[in-house]
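Subject: Structure handover

Hello,

Here is the structure for you to take over. My notes follow below it.

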Amino acid sequence: MPVVVEAQQPAPVTVFEGARLIVGDGSEAIEDSAFIVQKGQFTTVGRKGQLKVPAGAARVDLTGKTVMPAIIDAHKHLAVTRDALVDQLQHLAYYGIGTTMSLGQDTGDEVYKVRAETVPNAARYHTAGRGLTGPEPGRSQAPYWVTTVAEARKDVDEDAAKKVDIIKIWVDDRDHTVTKLSPELYGAAIDEAHRHHLRTIAHIFTLEDAKGILRAGIDNFAHSVRDKDVDDEYITLIKAKSSFIVDPNLPDRGVRVDRGWLRDSMTAAEFQKVQADSKDDPKEQQFFGIQCRNLTRVNKEGIKVALGSDGPIP
């Protein structure tokens, strides 16, 4: 009996044309671009009219639009139950976020199961597990509350056993209301993390604490300095670490604005809250100004800056 061999159908090919294309490698944006996608991957990128387009390719006109890589949100605090976490990750993907990291309040085992999956239409998920902080009565007990060097090392070991992506540390007295981690305690946590070949990231507030934790070997900041303008010593300490990243997490500007452009992308209740939160506040304006100046200085010095929005807000 003859063997019948079915001809393989060529993989669908689509050429997208006319968009302003931000490649994401630091090069200039490509105006009036064209790019070819096959099997879900970019295969050729260039200018419209200058690419060799395969015969039979579908064409999509993106004139007037901008195309860019998905955003990385490096600072979130997300749900710890599967359904709620998946829902958040799918919302993040809808808003253009391709990868996110939840920093330090992730209890239980469900978060690690979700991390191991490829969830349809969802952002990729990374976690710091349970972070380390000093005792903070009245606040979340999801992080480890640390009072001794032995506790700090043990808590980092527990996170390492779960293969967290990074170790999160809080060094903040919450406006003089709690006892923050001492240099001895955060130094032990950083040392233990590095023993496990894990990177570390710190929530900091003051310039003094930022310098102390930099000297202790921290790898990244989950906030920038917020109490005063940074100085030359701070910049020198950061620049001594070539891979250091600052995730400044700027606060609200304290200026009332119309946020109507967000109305169609959230529920009426969510939008009402977002709009109500926009108000004139001189104190917030001053607080925002300090952090803007510090971000400007860090950027001018060529220090790497990451994007992080904090909280679960979409």
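I start with a pocket. By class, ten nonpolar, four polar and three charged residues make up the lining of the second largest pocket. Please keep in mind that this is a predicted model. The space in that second largest pocket comes to about 300 Å³. Its lining counts 17 residues, and those closest to the centre are Ile 72, Ala 74, Met 101, Ile 245 and Ala 306. Four elements give two or more residues each to this lining: E7, E8, strand E14 (220–221) and strand E15 (245–246).

Two of those elements, E7 and E8, also belong to a sheet, which I take next.

The sheet is open and has three strands. Their order is E7-E8-E9, and the pairing is parallel. Strand E7 (71–76) and strand E9 (124–127) are the edge strands. Each has a single partner strand, so one side of each has no neighbour in the sheet. On average, neighbouring strands here are turned by 15° against each other, direction ignored. Helix H1 (residues 82–94) packs on this sheet and touches E7, E8 and E9. The direction of H1 makes about 135° with that of E8.

One pairing in detail: strand E8 (residues 97–102) runs parallel to E9, with four bridges between them. Ser 102 has Thr 127 in E9 as its bridge partner.

Now the backbone. Two histidines have a positive phi.

- His 176: phi is near 65°. This residue sits in the loop between strand E12 (167–171) and helix H4 (183–195). Its relative accessibility is 69%, above the 50% cut-off, so His 176 counts as exposed.
- His 197: phi is about 60°, again in a residue that is not a glycine. The loop here lies between H4 and strand E13 (200–204). His 197 has a relative accessible area of 75% and is exposed too.

Helix H4 therefore borders both loops, the one with His 176 and the one with His 197.

Last, the chain as a whole. The protein chain has eight helices and 16 strands. Of its 314 residues, 40% count as buried. The C-alpha trace spans about 75 × 60 × 45 Å along its principal axes. Among contacts with a separation of 6 or more, 63% join residues 24 or more positions apart.

Over to you.

Best wishes

Conventions. Residues are numbered from 1 along each chain as its sequence is written. This is a predicted model: local features need pLDDT of at least 70, side-chain atom pairs count only at pLDDT 80 or more; totals for chains, interfaces and linings use all residues. Side-chain values use heavy atoms; hydrogens and water are left out. Two strands pair if DSSP finds at least two bridges between them. Axes are lines fitted to C-alpha atoms, for helices over the stretch in contact, and angles run from 0 to 180 degrees between N-to-C directions. Contact means heavy atoms within 4.5 Å. On a 1 Å grid over the protein atoms alone, a cavity is a set of points where a 1.4 Å probe fits but cannot get out, and a pocket is an open set with protein on both sides within 12 Å along at least five of seven lines; lining residues have an atom within 4 Å of a point. Grid points are joined across faces, edges and corners, and a volume is the space filled by probe spheres set on the points. Ala, Val, Leu, Ile, Met, Phe, Trp, Tyr, Cys and Pro count as nonpolar, Asp, Glu, Lys and Arg as charged, and the others, Gly among them, as polar. Buried means under 20% relative accessible area, exposed over 50%, partly exposed in between (1.4 Å probe, protein chains only).
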